[in-house]
Amino acid sequence: MNIFRLVGDLSHLLAIFILLMKIWKTRSCAGISGKSQIMFAIVFSSRYLDLFTSFISVYNTCMKVIFIAASIATVYLIYMKFKATYDSNHDTFRMEFLIVPVGGLALLVNHDFSPLEILWTFSIYLESVAILPQLFMVSKTGEAETITSHYLFALGSYRGLYILNWVYRYYFEGFYDLIAIVAGCVQTILYCDFFYLYITKVLKGKKLSLPA
């Protein structure tokens with residue numbers, strides 16, 4: 001554990017909290033991509049299967065449970081409880097275009113050809129692109145609510161902080177995981193345009209919009 005990972009985890013928790021509170025308080029999931037949330041649920045469910053086979057720390061276990069539970073709860077709110085507010089007309093990104101290639105890549109490039117390791121690798125690859133349906137939806141609608149922008153910024157910050165975590169671990173511990181680092185860099189790059197618009201527009205009180 002180091003400060004970058006801790007703050008990254010807190011940023012990730014903040015993103016989840018913002019999203020859940022947005023949906024619950026407004027009683028609406030308008031502007032939220034259900035497809036991105038399905039993929040995040042797949043990410044955490046496949047990554048943390050070792051929850052039943054290994055114990056690292058109370059902190060580690062609690063975080064795994066929170067991420068799995070929160071991602072499933074978000075999908076439930078979007079597709080069940082507030083289904084009438086879900087904007088399926090704009091959430092049209094084809095998930096299979098991401099899931100199938102990522103699954104194939106996980107089978108080909110992994111640290112160990114074992115079920116849990118392949119699923120872990122699959123989750124790392126999928127997380128790096130899972131936000132694409134949400135960004136595509138924002139681009140398609142032309143704008144995003146301020147609260148949705150805050151959610152995306154917190155989520156992108158988590159990934160950026162994890163890159164610093166890997167730099168720290170390599171420098172002080174001599175440890176690195178090339179798969180996680182490359183996937184994290186890809187995910188962070190996807191947020192770059194959004195970060196720029198967030199800083200130049202949202203923080204100045206303007207509504208965020210992405211070019212179609």
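Here a biologist and a modeller talk through how some features of this predicted model get their labels.

Biologist: Before we start, what are the ground rules for this model?

Modeller: It is a predicted model, in which local features need pLDDT of at least 70, side-chain atom pairs count only at pLDDT 80 or more, and totals for chains, interfaces and linings use all residues. Residues are numbered from 1 along each chain as its sequence is written, and side-chain values use heavy atoms, with hydrogens and water left out.

Biologist: Let's begin with the rings. What makes Tyr158 and Tyr162 an edge-to-face pair?

Modeller: A search of the whole structure finds eleven aromatic pairs. In the pair of Tyr158 and Tyr162, the ring centres are 5.3 Å apart and the planes stand at 65 degrees, so it is edge-to-face. Rings of Phe, Tyr and Trp (its six-membered ring) pair if their centres lie within 6.5 Å; planes under 30 degrees apart are stacked, over 60 edge-to-face, and the rest tilted.

Biologist: Where do Tyr158 and Tyr162 sit?

Modeller: Both belong to helix α7 (residues 146–173), four residues apart, which is about one turn of the helix. Helices here are DSSP runs (H or I, at least four residues), numbered from the N terminus.

Biologist: Are those two tyrosines buried or exposed, and how do you know?

Modeller: Buried means under 20% relative accessible area, exposed over 50%, and partly exposed in between (1.4 Å probe, protein chains only). Tyr158 has 4%, so it counts as buried, and Tyr162 has 13%, so Tyr162 is buried too. Elsewhere, ring pairs link Phe4, Tyr168, Tyr171 and Phe172 into a cluster.

Biologist: How do you know that the charge of Arg27 sits over the ring of Trp24?

Modeller: The charged end of Arg27 is 4.6 Å from the ring centre of Trp24 and sits over that ring. The rule asks for NZ of Lys or CZ of Arg within 6 Å of the ring centre and within 35 degrees of the ring normal. Arg27 is in the loop between α1 (3–26) and α2 (34–47), and its relative accessible area of 41% makes it partly exposed.

Biologist: What is notable about the phi of Arg27?

Modeller: Phi of Arg27 is near 55 degrees, a positive value in a residue other than glycine. Most residues other than glycine have a negative phi.

Biologist: On to cysteines. Why is Cys185 not bonded to Cys192?

Modeller: A disulfide is a pair of cysteine sulfur atoms within 2.5 Å. The closest cysteine sulfur to that of Cys185 is in Cys192, 10 Å away, so it is too far for a bond. The structure holds zero disulfides. Cys185 is partly exposed at 29%, while Cys29 is buried at 0%.

Biologist: Why are α4 and α5 called oblique?

Modeller: The axes of α4 (residues 96–108) and α5 (residues 115–129) come within 9 Å and cross at roughly 140 degrees. Axes are lines fitted to C-alpha atoms, for helices over the stretch in contact, with angles from 0 to 180 degrees between N-to-C directions. Under 35 degrees counts as roughly parallel, over 145 as roughly antiparallel, 65 to 115 as roughly perpendicular and the rest as oblique. The two helices are therefore oblique to each other.

Biologist: And what makes α2 roughly antiparallel to α5?

Modeller: α2 and α5 pack at about 155 degrees, with their axes 8 Å apart. That angle makes α2 roughly antiparallel to α5.
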